[in-house]
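Student: I am new to this structure and would like a close look at a single part. Please start with a pair of strands and go on from there to other parts that help me find my way.

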Amino acid sequence: MGRKTNQAKTRPDREAPRQRGASPVLGQRELAVDSAASLPSVTVRTATFHPLLYRKRIDRCDAARPGDLVSVYGPGDALLGYGLYNPRSEMAVRLLFPGGDLPGEAQWRQKLSAAVSLRRDLLNLDETTDACRLVHAEADGLSGLVVDRYGDVLSAEAFSLGMYQRADAILAQLASLCGTRHTAVRTSPQFLSQEGYDPPPLASPELPEQVTIHEYGTRFRVRFAGGHKTGFFCDQRENRRRLADFCAGRSVLDLCCYTGGFAVQAKRLGKAAEVTGVDLDDEPLRLARENANLNQVRVRFVQSDVFLYMREMLQLGRHYDVVVLDPPKLVRNRVELEEGTRKHFDLNRLAMRLVRPGGLLLSCCCSGLLQEADFVRLLCSASYQAGPVTEEATAERSARHASRPMQILARTGAAADHPVAAGVPESEYLKAVWMRLG
């Protein structure tokens, strides 16, 4: 397959200004490709098949525009494959189709069909839920895009400009495979700083404001205006189900409860004696209360900073049989790693002191930059400073350096519809550690 040689060689644009709002570059594109000769090309200094090609690795670029599908060449003009290009991003090329076959609409559909088949045919998720992750970025060979299904709605989050430009076409293909009717597209919170553009959200004409989905027979409402990510955290589905096995007749505290996933399942599936959910944000708590009412279960939801709430409970001498700590992402980049790690430590040290002797703590971390081994070490260190649960050790100032016996029962992660690409181990993000505290 010949490569283009008649274009001027240019360096990737390092200083282009960031753009907000409407722009011709933010229009939607088709998936079809006319011919290999019509594609611009990018040459990298060393051969690789990792999907993320950083800007510093690019040697030259032939007339590629932001979002273009490009041919990717290595040393000696060896064709490595095809990817989406954005000169304003540090991840300048996302390699989607390794090898020499030109990717047209059929190749995109093949990737999407394989993603749907994994969830439907191998995992049999239709038997337990109508909400799942259908496309999980690099793990499904589609770097820069995640798509969740919520009943009749496909909700997508784009992390790359090229994927945003093709979101309508991709979701149309997915809808024909899944039989869904509505679509919603938003960009990641860091899209402007990372991709250099600020695209508007997209929605199909009759997108409902909310839908009701089911998970192991429990119903949850998902709203598409506001909220985090695509609307609901499907990655914790199996952990919510597993937690229910520990809850019968027990008291449960769900910290950073968001819309009440763990709390509602602990009560409905787990038959907990009492459940309290705590979150700082008012809007998710309103939806959490609706979810409890929808399932006719009684859960107490409290709007509070979890640090303040835990300290207040300690001062009151309050303890729980089961505590869930599932904070939002505290480490978004390497600059935040030290501070985010310290926040995880402080949160867990306090949470451990709220667990009744012999009780369970489920501690979660969704920050991919905080490795699992480091997170486990953090938890062990926190147990050394958690202090014993006694009447004399309920105040914050007490037992600051006393050890709390801890047994790690299990370590789990995201549900199987959030697979990890074998060639991209750094894409494994969610860590869930199950601990019994003495």
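Tutor: In this predicted model, strand 20 (residues 320-325) is joined to strand 21 by 5 bridges, and the two run parallel. Within this pair, V322 lies opposite L360 of strand 21. Strand 21 spans residues 355-365 and is mostly covered, with 8 of its 11 residues buried. Strands of a sheet are held to one another by backbone hydrogen bonds, in either a parallel or an antiparallel arrangement.

On either side of strand 21 in the numbering are two helices, helix 9 (residues 337-353) and helix 10 (residues 372-386). Their axes come within 8 Å and cross at roughly 45 degrees. Helix 9 and helix 10 are therefore oblique to each other, and their crossing is right-handed. On the helix 9 side the contact is made by T341, H344, F345, N348, R349, M352 and R353. Helix 10 contributes F375, L378, L379, S381, A382, S383, Q385 and A386. By type, the residues of this contact are 7 nonpolar, 6 polar and 2 charged. An α-helix has 3.6 residues a turn, so residues three or four places apart point the same way.

Another parallel pair belongs to an open sheet of 5 strands with mixed pairing, in the order 9-10-11-12-14. Strand 9 (131-136) and strand 14 (202-203) are at the edges with a single partner strand each, so one side of each has no neighbour in the sheet. Inside the order, strand 11 (residues 153-158) and strand 12 (residues 182-187) are parallel and share 6 bridges. There S155 faces A184 in strand 12. Helix 1 (residues 105-122) packs on this sheet and touches strand 9 and strand 10 (145-150). The direction of helix 1 makes about 145 degrees with that of strand 9.

The loop between strand 9 and strand 10 holds A137. This residue is not a glycine, yet its phi is positive, near 50 degrees. A137 has a relative accessible area of 10% and is therefore buried. D77, also not a glycine, has a positive phi of about 60 degrees. D77 sits in the loop between strand 6 (69-73) and strand 7 (79-85). With a relative accessible area of 42%, D77 is partly exposed.

A last part to look at is helix 6 (residues 261-268), which is mostly covered. Of its 8 residues, 7 are buried: G261, F262, A263, V264, Q265, A266 and K267.

Definitions and conventions
Residues are numbered from 1 along each chain as its sequence is written. This is a predicted model: local features need pLDDT of at least 70, side-chain atom pairs count only at pLDDT 80 or more; totals for chains, interfaces and linings use all residues. Side-chain values use heavy atoms; hydrogens and water are left out. Axes are lines fitted to C-alpha atoms, for helices over the stretch in contact, and angles run from 0 to 180 degrees between N-to-C directions. Helices (H or I, at least four residues) and strands (E, at least two) are DSSP runs, numbered from the N terminus. Angles under 35 degrees count as roughly parallel, over 145 as roughly antiparallel, 65 to 115 as roughly perpendicular and the rest as oblique. A crossing is left-handed if the near helix is turned anticlockwise from the far one by less than a right angle, and right-handed if clockwise. Contact means heavy atoms within 4.5 Å. Ala, Val, Leu, Ile, Met, Phe, Trp, Tyr, Cys and Pro count as nonpolar, Asp, Glu, Lys and Arg as charged, and the others, Gly among them, as polar. Two strands pair if DSSP finds at least two bridges between them. Buried means under 20% relative accessible area, exposed over 50%, partly exposed in between (1.4 Å probe, protein chains only).
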